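These are my notebook entries on a structure that I had not examined before. I record in turn what I looked up and what I found.

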Amino acid sequence: MNDLRHHFRTPLMRSPFHPRVEAANVLNAWAPWAGVTTALNFGDVAMEHSSIRNSASLYDISPMIKYAIEGPGAAAYLDRLTLRRASALPVGAVQYTSWCNDAGHVLDDGTLFRLGEDRFRLCCQERHLPWLQDSAIGFDVSIRDETEAIAGLSLQGPTSFSVLSAAGGADLASLKPFRLAEMHLGPAGPVMVSRTGFTGDLGYEIWTTPDRALDLWDHLMAAGTPHRLRPVGTEALNIARIEAGFIIANMDFICAEQVLRPDRARQPDEIGLGWMVDLDKGAFNGRNAIRAAREGGMLHWALVGLDIEGNVPAEGAELYLDGKKAVGQVTAAVWSPTTKRNLALAQIRRPWHRDAGDRLRAEIYALRELQYHKLMLRARIARRPFFNPPRRRATPPGMF
Amino acid sequence: MKDTAAPSTPRSSNCIWDAVIVGAGHNGLVTANYLARSGLDVLVVEKNDWIGGAAVSRELYPGFTYSNCSYVCSLFRPEIMRDLDLPAHGLQVLPYEGGAVFQRDGGYLATYRDHEANRREIARHSPRDAENYDRYARDLMRHCRFIRPLLMRTPPDPASFKPRDLSEMAYLARQFLALGADEAADMVRFWTMSISDYLDEYFENDTLKAYMTVAAITGTALGPMSPGTAYVLLHHYMGDVDGNIGAWGYARGGMGAVSQALAASFRGAGGTLRENAPVARILVRSGRAEGVVLEDGEEILARRVISNMDVKRTFLNCMDPTDLPEAFLGRVRSFKSRGSSGKLNIALDGAPEFPALPDGSPCLRGDLHFTDSVERAERAYDDWKAGRWSADPFQDTMIPSMIDPTMAPPGKHFMSCFVQYCPPKLRNGADGERDWTDNDRDAFGKAVIDQIEDYAPGFKQRILHVEVRTPRELEAEVGLTDGNIFQGELTFDQLLFNRPVPGYAQYRGPVPDLWMCGSSTHPGGGVMGAPGRNAAAEILRSMRGGVGNRAEMRDAYPVL
Ligand SMILES: Cc1cc2nc3c(=O)[nH]c(=O)nc-3n(C[C@H](O)[C@H](O)[C@H](O)COP(=O)(O)OP(=O)(O)OC[C@H]3O[C@@H](n4cnc5c(N)ncnc54)[C@H](O)[C@@H]3O)c2cc1C
C-alpha cells in the first residue's frame with residue numbers, strides 16, 4: 001500500500017482532512033494545490049463566499065508549504081533572507097514577509113511565525129528548500145520541510161470568534177491580529193491558533209498534527225453549526241482574497257526562480273511589496289539591487305487594484321491607455337459581492353500606476369452563447385484592500 | 001435611534017432648503033443622496049421615529065431584529081449601491097438557498113440552487129415539468145432582458161412632442177421591434193395574461209405551479225387566475241443577487257439595513273434627516289410648491305418639495321385640492337392601491353421542525369409555502385373578494401436568522417411570514433364595510449400560525465413574540481394607503497408612462513417644484529431604489545447649469 005515506488009498510482013497526496021472534505025464535496029470539484037487534492041467548492045460558491053463575510057467558513061490550508069527554521073542563528077538568518085526585520089518579531093507573533101534573489105527579484109511571499117526565541121516557521125505557496133538551505137551558509141540554523149507534519153484549518157468570518165470560543169478556545173478575546181497562542185480545544189486536543197488568514201476579515205488559523213486533524217474538523221463543525229459555519233473551497237476563498245487585495249505567487253506575479261522570460265521577474269516595489277523593504281536593517285538578499293533600482297529609476301512595473309465599470313469580470317483583460325496603448329495586464333478579477341464593485345488586480349507599467357487618471361480601459365472579451373462581446377470598460381485605480389472591515393482588527397472581537 | 005447629525009434645534013423658517021423630501025422611505029433616501037451628493041442642501045422629514053418606511057428593521061422583542069415589512073432583497077439596483085457606496089456604509093446582501101412547498105399529504109416540493117438537484121427534485125413530481133423548467137426559465141429571462149434596461153430610464157410621455165420624449169418613445173419602439181414577430185406576440189401575451197394560464201403552457205404538476213405562483217400574486221389584489229398576474233411575476237424575477245438574475249437574498253441585519261446604509265451615506269454627504277416630523281400639508285403659494293407644514297405647525301421652506309409618500313397620500317391627504325387640476329385628482333382617486341397582504345413577524349425560541357423535510361435539508365434556509373395548488377391560492381383570493389382574510393392563507397415564509405447571525409441569538413430564530421390575502425376593510429353585513437379591529441387582527445394571526453403548526457407540530461410552543469400586521473397597521477405605520485405594499489398595484493394599466501397618472505410619469509407633480517419619488521412612480525414597488533434614482537435624475541436635469549458637481553449616476557449595466 002505505502003510502497004513509495006507507487007507514486008504513479010496516486011500522483012496527488014491527500015490532506016489529513018480528506019475524509020471530511022471528500023464527504024462534503026458534493027460536486028466532486030477538485031483541484032491540485034501543491035501536490036494535494038483540494039476542494040474547489042462544496043457545491044455553492046456564492047453561499048460559501050457569503051459565509052466568509054457573514055458568518056464563518058472553514059478552509060483546509062494543510063497543503064501550504066511550511067519550513068521549520070530553527071537554531072540560535074535563526075533570527076539573524078531570516079534578517080539576512082527576508083525583506084523585513086525578522087529579529088524584531090516577538091515570540092508568539094506572525095509577520096507577512098517576502099524574500100528576493102540577489103537581483104532583487106521576488107522569490108515568494110509568505111507568513112513567518114515566531115514559535116520560540118530560536119524557532120520559526122515559514123509558510124508559503126512554492127517550494128524553496130535549496131534556496132533556503134543555500135542561504136543558510138554561515139548561520140547556525142537548520143531548515144527542514146515540515147509541510148506534511150502539520151495540518152491546518154483556516155476559520156474566517158465575522159462569527160469565527162464565536163465559533164472558536166464555543167469550541168473551547170480560552171484567552172481568545174485578547175488575541176490580537178498577527179499573534180498566536182497555544183490552546184486546548186476539547187476533544188481536538190492541543191492546537192496552535194494564530195489570528196491570521198487570507199480573507200481580510202476576522203479570522204484564525206488553527207494548526208494541529210495530522211493524526212488529530214479529523215477530531216479538529218469534527219469539533220469545529222459541531223461547535224460552529226449554531227454560528228452558521230460552513231466549509232469553503234478555493235473558488236470562494238479567491239473572491240475573498242481579491243476583495244482583501246491579497247496577491248498569490250505565480251498568479252499575480254511569477255516567482256523569480258521559475259521565471260522563464262527574464263522580463264517577467266519583479267522587484268518588491270513592482271508588486272506592491274515595497275513597504276516591506278527595510279533598508280536600514282543591514283545586509284539582506286537583494287538589498288543592493290532594490291536600492292539601485294529605486295535610485296536609478298529602473299522600476300518598470302507596479303501592482304495596483306482596479307475598480308472597473310459595469311459588472312462583467314475582467315479576468316485576463318489587457319489594460320489600455322486612452323483605448324490605444326497597452327500598459328498592463330489584469331492578473332485577478334472578480335465581481336465582488338461584498339463591495340458590489342467589479343474588482344481586479346493588475347500589473348501596470350509605470351508611471352501609469354499614478355498618472356492614468358480616467359484614461360485606463362480594460363479590454364474584456366465576454367463570451368456569451370458562442371460569441372464574444374468586446375467591452376472597453378473604464379478602469380480606475382483603487383486602493384487596496386477593497387474591503388477592510390473594522391472587525392478584522394477589533395480586539396476583543398465581536399460575536400458577529 | 002435618534003438622529004445625532006441633525007441640528008438640535010430645527011432650522012428657523014427663514015432658512016430655505018434646496019429640497020425637502022417628505023418621507024424617509026428607501027426611495028426618499030435614494031433621491032436625497034443623489035441630490036446631496038450634487039451639492040444641494042437637502043432635508044428629509046419622516047413622520048415616524050424610525051426611518052426606512054417599508055424597508056425597516058426594528059427590535060420589538062429583546063435580542064431579535066425583525067424585518068418588519070419587506071424581508072427579502074433582489075430588486076435593489078446594484079448601480080445605485082455602487083453610486084452611493086452603500087456597502088461601505090454597511091449594506092451587505094446575503095444569498096439564501098432553497099425553499100419548499102409543503103403538500104397536504106405530507107410531501108413537499110423543494111427548490112435548490114444547484115441546477116441538477118433542482119431538476120431531479122421537480123422530476124420526483126413530474127419528469128416532464130423537470131425538463132420544461134429550463135425552457136420556462138429561459139423565456140422568463142428573455143422578458144427580464146427586455147424590462148431591465150427600462151427600470152432606470154424615465155418613461156416618455158407619449159402625448160408630448162419634446163425631443164426627449166420622442167427619442168425615448170423611439171427607443172421603446174426599437175426595443176420592441178427588435179424582438180421579431182413571435183417574440184413580440186409572446187411579450188404582449190405575457191404582460192397581460194394570468195399566471196395560471198401562463199404556467200399551464202409549461203407545466204402539469206399542480207404543486208410546482210402553486211410554487212411558481214407565489215411571486216405573481218405577492219402584494220397584488222389579484223388571484224392567480226386574474227389577467228395581469230404574469231407581469232407581477234416578472235417584477236419579482238427581474239432583480240438579481242450579484243448577477244444571479246431571479247435570485248433573492250437577505251439584507252444582513254434585516255431590510256432596515258438598506259435604509260440605514262442610505263441614511264449613513266446621506267449624512268456623510270452632508271444631508272439632514274429629521275425623524276418624528278410628520279408633514280400635515282405641502283405648501284403651495286403663488287402657484288408653486290414652497291415647502292411643507294408639519295403637524296405641529298412648523299413651516300419648512302424649500303425650493304422644491306419631493307414626496308416619497310404614495311400618490312394618494314400625497315395629493316388626497318397632504319394637499320389642498322384647489323391647488324390641483326381636477327382631472328389629475330380624478331386620476332389619483334382611481335389609482336388602484338388595494339391592500340392584499342398581511343405579515344407576521346415571529347421570535348422563536350428554537351428552529352421549527354417540519355417532519356416532511358429530511359435531516360439536513362437546506363430548505364429551511366429558504367422560502368416556505370403551504371399552498372400546494374393554484375386552486376387553493378385562488379380560493380384564498382375568493383376570501384379577499386368577499387371582504388375576509390383568507391381562511392386557508394397563502395404564505396411566503398422565511399427564517400432569515402438561519403443565515404444571518406445578527407438577527408437572533410444563537411439557536412433562536414426570527415421568522416417572517418408574508419401572508420395573503422388580507423383586505424383593507426372587512427365585510428360588514430350584506431354590503432357594508434368596517435375597519436379591522438384588534439380582535440380581527442389576532443384572529444388573522446391565529447389562522448397563519450395554525451397553518452404553520454399543521455406542518456410543524458410544536459411550532460406554537462416555540463413562539464416568544466409575534467407582531468401581526470394587517471393593511472390597517474401597514475397604513476397607520478408606513479402610510480401605505482389601504483396597505484398596498486407597492487404604493488399602488490403593479491398591473492399593466494399602472495406601469496411605465498401610466499404610473500402613477502398618464503402625463504405625470506416623469507416624477508413631476510402637477511404643481512411646479514413639486515416632485516414624486518416613491519414606489520407609486522415608475523418602475524414601481526419593491527425595495528428597488530429605481531424610482532428614487534430616476535426622480536433625482538429628473539430633478540437634477542431640470543436644474544441644468546444650476547448644479548455644480550453632479551453626483552455620479554450610472555446607467556443600468558448593459559444586458560449582454
Ligand atoms: C409587508 C410588506 C412586505 C414587503 N416585502 C417586500 C420584499 O420582501 N421585497 C421587496 O423588494 N419589497 C417588499 N415590499 C415592498 C417594498 O417594501 C416597498 O415597495 C418599498 O419599501 C416602498 O418604498 P418607498 O420608499 O417607495 O416608500 P415607503 O417605504 O412607503 O416610504 C414612505 C415614507 O414616507 C413616510 N411618510 C408617510 N406619510 C408621511 C407624512 N405625512 N410625513 C412624513 N413622512 C411620511 C413613511 O413613514 C415612510 O417612511 C414589501 C412591503 C410590505 C409593506
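**Entry 1: The contact between the chains**

I began with the contact between the two chains, to which chain A contributes 35 residues and chain B contributes 27 residues. I note at the outset that this is a predicted model.

I then looked up the area. The size of an interface is often expressed as the accessible area that is lost when the parts come together. Between chain A and chain B about 2600 Å² is buried, and carbon and sulfur atoms give 50% of it. Which three residues supply the most of the area that chain A buries against chain B? I found A:Asn54, A:Arg228 and A:Lys340, which together supply 27% of that area, more than any other three residues.

Next I turned to the polar side of the contact. I recorded 14 residue pairs in polar contact between chain A and chain B, counting pairs with both residues at pLDDT 80 or more. How many salt bridges are there between chain A and chain B? The count is eight. I looked up the salt bridge between A:Arg378 and B:Glu552, whose side chains meet with 3.4 Å from N to O.

I also asked which elements give two or more residues to the side of chain A that touches chain B. In chain A they are helix H2 (45–54) and the strands E15 (301–308), E18 (341–349), E19 (360–368) and E20 (371–382). H2(A) gives the most to this side, namely five residues. By class, I found twelve nonpolar, eleven polar and twelve charged residues on the side of chain A that touches chain B.

**Entry 2: The ligand**

I moved on to the ligand, which has 37 residues around it. Those that come nearest are B:Asn27, B:Glu46, B:Ser519, B:Gly526 and B:Val527. I listed 19 nonpolar, 14 polar and four charged residues in the shell around the ligand. In chain B, helix H1 (26–37) and helix H15 (471–478) each supply at least two residues of this shell.

I then looked up polar atoms beside the oxygen atoms of the ligand. A polar backbone atom of B:Val527 is 2.8 Å from an oxygen atom of the ligand. For B:Ala54, a backbone N or O atom lies 2.9 Å from a ligand oxygen atom. B:Asn308 takes part through its side chain, where an N or O atom is 3.1 Å from an oxygen atom of the ligand. Is the ligand mostly buried or exposed? The ligand taken alone exposes 1000 Å², and the protein buries 97% of that.

**Entry 3: A residue in chain A**

I chose A:Met221, which lies in helix H6 (residues 213–224) of chain A. Leaving aside residues up to four places away in sequence, I found that A:Met221 touches A:Leu58, A:Leu229 and A:Pro231. I also compared A:Met221 with A:Ser57: they are 164 residues apart in sequence, and their C-alpha atoms are 9.7 Å apart in space.

**Entry 4: Backbone details**

Finally I looked up some backbone angles. The peptide bond that joins B:Gln420 and B:Tyr421 is cis, with omega about 5°. B:Tyr421 is in the loop between strand E20 (413–420) and strand E21 (426–428) of chain B. I recorded another cis peptide bond from B:His522 to B:Pro523, with omega near 0°. Its residue B:Pro523 is in the loop between strand E24 (514–516) and helix H16 (530–543) of chain B.

In chain A, I noted A:Asn28, a residue other than glycine with a positive phi, near 50°. A:Asn28 sits in the loop between helix H1 (18–24) and strand E2 (30–33) of chain A.

Terms used: Residues numbered from 1 in each chain as written. Chains lettered and ligands numbered in written order. Predicted model: local features only at pLDDT ≥ 70, side-chain atom pairs only at ≥ 80, totals over all residues. Heavy atoms only, no water. Contact = heavy atoms within 4.5 Å. Buried area = accessible area lost by both parts, 1.4 Å probe. Salt bridge = Lys/Arg side-chain N within 4 Å of Asp/Glu carboxyl O. Polar contact = N/O pair within 3.5 Å; in protein donor to acceptor, adjacent residues only side chain to side chain. Helix = DSSP H or I, 4+ residues; strand = E, 2+ residues; numbered from the N terminus. Nonpolar A, V, L, I, M, F, W, Y, C, P; charged D, E, K, R; others polar. Near = heavy atom within 4 Å. Areas by Shrake-Rupley, 256 points an atom, 1.4 Å probe, with all protein chains shown as cover.
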